[in-house]
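Student: Got a minute to walk through this one with me? I'd like to go element by element.

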Amino acid sequence: MKVRIKFAKTGHMKFVGHLDTMRYFQKAIRRAELPVAFSGGYSPHMIMSFAAPLGVGTTSLGEYFDMELTETVPTKEIEKRLNAVMAEGVSICSARQVEDGKASTAMALVAAADYFIQFREGKEPAADWRAGLDDFLSQKEIIVTKKTKRSEKTVDIRPYIYEMHLDGEGVFMQLASASSNYTKPELVMDTFLRWMDEEPLPFAYMIERREIYANKGDEEHLKLVSMESLGEEVE
């Protein structure tokens, strides 16, 4: 049985990095006494796949990982057992049975993500950034330089900003998140502010990831669906 877990990560848990989050869930699964499957060989490990790493300091209402169980367990029972052993700041939102196969793993399916960004107190730019948002998005191209450990490359990120608009006191974004076009919300905000001739301040943003999506269409005709909706409940 392959199961997709949706979980929220808030509060102080936002400071726990991706690798430690993986280790945390490995221990939680053992405490929950779920019949998790292990790989073979000399160094067996739990068969798990996380959808997308979450940056340190970022909260989330919609994170995902897949795991394989050696027997069928009702999805509500999985939710109940895991929530019973969760630490403060992590909660299980749902469990769904999903298709087997490498092509259907959480990591392979990621296509886009929703974010909500606010400025920290005292870090908001002096310019009226709200008034400039529509003009920024009306550009045909938004060219940035992406730096890696080995090189730099120039990229047009405009096609990867699927949606961006004011949302109360902050900004809502839906951004491309596949491995080939992964676009960070911090990069978009930094680029926006520099376009307004404002230099971004360090640690200026509070970021919350709200959902992760798979694409049931193609690159030209996106049909985004939540990772959760690809599974089904089992009684």
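Student: What covers the buried residues of α4?
Tutor: The cover includes two strands given by range as β8 (161-167) and β9 (170-176). It also includes β5 (110-119) and helix α5 (185-195). Keep in mind that this is a predicted model.

Student: OK. Which residues of α4 are buried?
Tutor: Helix α4 spans residues 129-137. Its buried residues are Trp 129, Gly 132, Leu 133, Phe 136 and Leu 137.

Student: Why do they line one face of the helix?
Tutor: Look down the axis of α4: the buried residues fall within an arc of 130°, so one face holds them. The general rule is simple. An α-helix has 3.6 residues a turn, so positions three or four apart point the same way.

Student: And which exposed residues sit on the face turned away?
Tutor: Ala 131 and Asp 134.

Student: Where is Leu 166, and what does it touch?
Tutor: Leu 166 is in strand β8. Leaving out residues up to four places away in sequence, Leu 166 touches Trp 129, Arg 130 and Leu 133. Trp 129 and Leu 133 are among the buried residues of α4.

Student: Is Leu 166 buried, partly exposed or exposed?
Tutor: Partly exposed, with a relative accessible area of 39%.

Student: How far apart are Leu 166 and Ser 151 in space?
Tutor: 34 Å, C-alpha to C-alpha. In sequence they are 15 residues apart.

Student: Now α2. Which of its residues are buried?
Tutor: Thr 75, Ile 78, Glu 79 and Leu 82. Their arc around the axis is only 100°, which puts them on the same side of α2. The face turned away from that side carries exposed Lys 76 and Lys 80.

Student: What covers the buried side of α2?
Tutor: The cover includes β1, α1 (18-31), β3 (59-68) and β4.

Student: There's a Glu in that buried set. What does Glu 79 form a salt bridge with?
Tutor: Arg 96. The closest N and O atoms are 3.9 Å apart. The pair links distant parts of the chain, with Glu 79 in α2 (residues 75-83) and Arg 96 in β4 (residues 90-97). They are 17 residues apart.

Student: Are Glu 79 and Arg 96 buried or exposed?
Tutor: Glu 79 is buried, and Arg 96 is too.

Student: How many salt bridges does the count come to?
Tutor: 14. One of them joins Lys 6 and Glu 228, with a closest N to O distance of 3.5 Å. Lys 6 lies in β1 (residues 2-9) and Glu 228 in the segment after β11 (224-226), so the pair ties together parts 222 residues apart in sequence. Lys 6 counts as buried, at 10% relative accessibility.

Student: What about Arg 210 and Glu 208? How do their side chains meet?
Tutor: In a salt bridge, 3.0 Å from N to O. Glu 208 is buried at 18% relative accessible area, while Arg 210 is partly exposed at 29%.

Student: Which residues do shared salt-bridge partners join into one network?
Tutor: Lys 6, Lys 76, Glu 79, Arg 96, Glu 211 and Glu 228.

Student: Back to Glu 208. Where is it, and what does it touch?
Tutor: Glu 208 is in strand β10 (residues 205-215). Not counting residues up to four places away in sequence, Glu 208 touches Thr 58, Thr 59, Ser 60, Leu 61, Asp 114, Tyr 115 and Phe 116.

Student: Which residue stands opposite Glu 208 in the pairing?
Tutor: Thr 59. The pairing is between β3 and β10, which run parallel over two bridges.

Student: What else does β3 pair with?
Tutor: β1 and β3 run antiparallel, joined by seven bridges. There, Lys 9 has Ser 60 of β3 as its bridge partner. Strand β2 (residues 48-50) also pairs with β3, antiparallel, over three bridges. Met 48 stands opposite Met 67 there.

Student: Why is β3 largely enclosed?
Tutor: Because eight of its 10 residues are buried, the rest of the structure largely encloses β3.

Student: Last one. Where is Lys 184?
Tutor: Lys 184 is in the loop between β9 and α5. Lys 184 counts as partly exposed, at 47% relative accessibility. Its C-alpha is 21 Å from that of Asp 20, which is 164 residues away along the chain.

Terms used. Residues numbered from 1 in each chain as written. Predicted model: local features only at pLDDT ≥ 70, side-chain atom pairs only at ≥ 80, totals over all residues. Heavy atoms only, no water. Buried < 20%, exposed > 50% of the residue type's maximum accessible area, 1.4 Å probe, protein only. Helix = DSSP H or I, 4+ residues; strand = E, 2+ residues; numbered from the N terminus. Arc of directions from axis to C-beta. Contact = heavy atoms within 4.5 Å. Salt bridge = Lys/Arg side-chain N within 4 Å of Asp/Glu carboxyl O. Pairing = 2+ DSSP bridges.
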